[in-house]
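Me: I'd like a close look at one part of this model, the helix pairing in the smaller story told by the second chain. Could you walk me through that part and then set it beside the rest?

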Amino acid sequence: MSDNESQPKEVRTDGGGIVAPDNETPTWSERKARKTGLSRLTYEYFERSRREDQDLRTESDYVERDVLAFPTWPHETVRNLSIASFFVGMILFLAATMPPHIGAPANPSQTPAIILPDWYLYWSFGLLKLNPLNPELAILGGQKIMADRTYGVLANGVVVGFIAIVPFLNKGSARRPVEEPLWAAIGISGVVFAMTISLLAVKNLMPMNVDLLFDLTFLLPIVFGTITYAVLKTMREGYMFDLNRRYYRLRPPK
Amino acid sequence: MADEFIKGLGILTGAGLAWMVLASWYRTSSFESTEQLIEPLQSGATEGIFNLIGITLMDAFLWFALLGTLTFWVLIPAGRQVMDALEERKNAQ
């Protein structure tokens with residue numbers, strides 16, 4: 001194996017063969033011991049990624065060519081398998097350990113006390129319970145301009161309409177939330193609102209004050225959106241905005 | 001900082017899951033109840049050694065989830081801050 005020395009050093013892409021490129025890059029334990037802020041940590045993380053990528057590029061005998069993805073096998077597949085395994089395992093665990101709860105057979109001649117749609121439609125069902133938001137107009141002598149149920153159905157149009165408009169307001173070219181803090185915050189607000197409005201839909205089952213639940217339904221999305229915006233805005237300081245151009249590139253063989 | 005967060009989160013989710021499973025047996029009369037998981041124990045729930053073990057573990061998991069999370073998310077970081085502040089004060093003098 002004397003010709004090994006003439007061979008170029010094998011490039012490892014698993015992260016194991018990568019050493020700190022210079023004296024200024026801290027080791028993981030040094031970085032953990034630091035007390036600097038989140039922006040500094042973010043900067044060091046991305047700087048290390050960029051440097052590792054650059055080293056690989058320099059050592060590699062591959063030609064650079066723009067490929068805007070990772071290969072499905074093994075990168076995406078291994079990740080997806082681990083995620084799928086987790087959820088399958090969780091389903092098996094819960095099915096094996098939770099008590100079986102099989103109620104009496106449904107009586108078709110009697111309407112149950114609580115009627116609910118499937119859980120993924122709770123958000124829409126919750127929009128039907130916005131009665132307190134339906135304004136009473138002074139010009140109508142305190143009467144409502146439309147029935148509460150009509151109001152709830154129209155609220156669905158507002159939500160669907162907003163989701164339909166978003167792609168026209170933002171093209172979604174950001175690779176990471178930190179690149180668009182405002183839109184990330186709006187997205188988080190939407191996710192949280194989907195959860196809170198779903199909880200409002202099952203207010204009969206919620207062990208809390210219904211008025212408080214109604215207020216939290218609209219306050220929590222704002223709170224979480226604000227927190228998201230603040231955190232991402234802080235992280236921007238250390239973020240390298242030209243990272244994507246380098247990062248999403250692979251090197252196919254010559 | 002990140003280490004303490006994931007320790008607290010792991011304790012919260014792991015112990016919380018174990019508590020949820022046990023409480024679904026011992027403190028849930030119906031999954032449509034508004035007090036599921038926090039109902040008082042059923043009569044006869046303390047009969048037999050296995051039920052006693054289950055009830056003990058249920059409470060142990062609940063307190064572990066709460067106190068473990070509190071420790072790693074609040075107490076340890078706060079203690080570090082206090083130690084740093086004391087050290088700074090000592091150096092300043």
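Reply: Here is a walk through the helix pair of chain B, followed by a look at chain A and the contact between the chains. Keep in mind that this is a predicted model.

Let's start with what chain B is made of. Its secondary structure comes to two helices and zero strands. The two are H1 (2–26) and H2 (49–92), and a loop runs between them.

H1(B) is a good place to begin. The helix has 25 residues, and from its first C-alpha to its last it reaches 35 Å. That is close to the 36 Å expected at 1.5 Å a residue.

Now, which residues of H1(B) are buried? They are Gly8(B), Ile11(B), Ala15(B), Trp19(B), Leu22(B) and Ala23(B). It helps to recall that an α-helix has 3.6 residues a turn, so residues three or four places apart point the same way. With that in mind, look at what lies against the buried residues of H1(B): they pack against H2 of chain B.

How do the two helices sit against each other? Two packed helices are described by the angle between their axes and the distance between the axes. For H1(B) and H2(B), the angle is about 160° and the axes are 8 Å apart. An angle over 145° counts as roughly antiparallel, and H1(B) and H2(B) are therefore roughly antiparallel to each other. As for the handedness, H1(B) passes H2(B) in a left-handed crossing. Sorted by class, the residues of that contact are 20 nonpolar, five polar and two charged.

Back to the loop between H1 and H2 of chain B, which is where you'll find Leu37(B). Its phi is near 75°, a positive value in a residue other than glycine. Is Leu37(B) buried, exposed or partly exposed? Leu37(B) counts as partly exposed because it has 17 C-beta neighbours inside 10 Å.

Taking chain B as a whole, buried residues make up 12% of its 93 residues. If you take the contacts in chain B between residues at least 6 apart in sequence, 64% of them join residues at least 24 apart.

Next, chain A. This chain has eight helices and two strands, and along the sequence they follow the pattern α-α-α-α-β-β-α-α-α-α. Of its 254 residues, 7% are buried. For contacts in chain A with a separation of 6 or more, residues 24 or more positions apart account for 75%.

Chain A has a helix pair worth setting beside the one in chain B. Helix H6 (residues 181–201) and helix H7 (residues 210–235) of chain A have axes that come within 8 Å and cross at roughly 155°. H6(A) and H7(A) are therefore roughly antiparallel to each other. In this pair, H6(A) passes H7(A) in a right-handed crossing. The residues of the H6(A) contact with H7(A) divide into 20 nonpolar, five polar and one charged.

Last comes the place where the chains meet. The contact takes seven residues from chain A and eight residues from chain B. On the chain A side, the residues touching chain B are four nonpolar, two polar and one charged.

Definitions and conventions:
Residues are numbered from 1 along each chain as its sequence is written. Chains are lettered from A and ligands numbered from 1 in the order in which they are written. This is a predicted model: local features need pLDDT of at least 70, side-chain atom pairs count only at pLDDT 80 or more; totals for chains, interfaces and linings use all residues. Axes are lines fitted to C-alpha atoms, for helices over the stretch in contact, and angles run from 0 to 180 degrees between N-to-C directions. Helices (H or I, at least four residues) and strands (E, at least two) are DSSP runs, numbered from the N terminus. Angles under 35 degrees count as roughly parallel, over 145 as roughly antiparallel, 65 to 115 as roughly perpendicular and the rest as oblique. A crossing is left-handed if the near helix is turned anticlockwise from the far one by less than a right angle, and right-handed if clockwise. Ala, Val, Leu, Ile, Met, Phe, Trp, Tyr, Cys and Pro count as nonpolar, Asp, Glu, Lys and Arg as charged, and the others, Gly among them, as polar. Two residues are in contact if their C-beta atoms, placed from the backbone, lie within 7 Å. A residue is buried if 20 or more other C-beta atoms lie within 10 Å of its own, exposed if 12 or fewer, and partly exposed in between; C-beta atoms are placed from the backbone. The expected span of a helix is 1.5 Å times one less than its number of residues.
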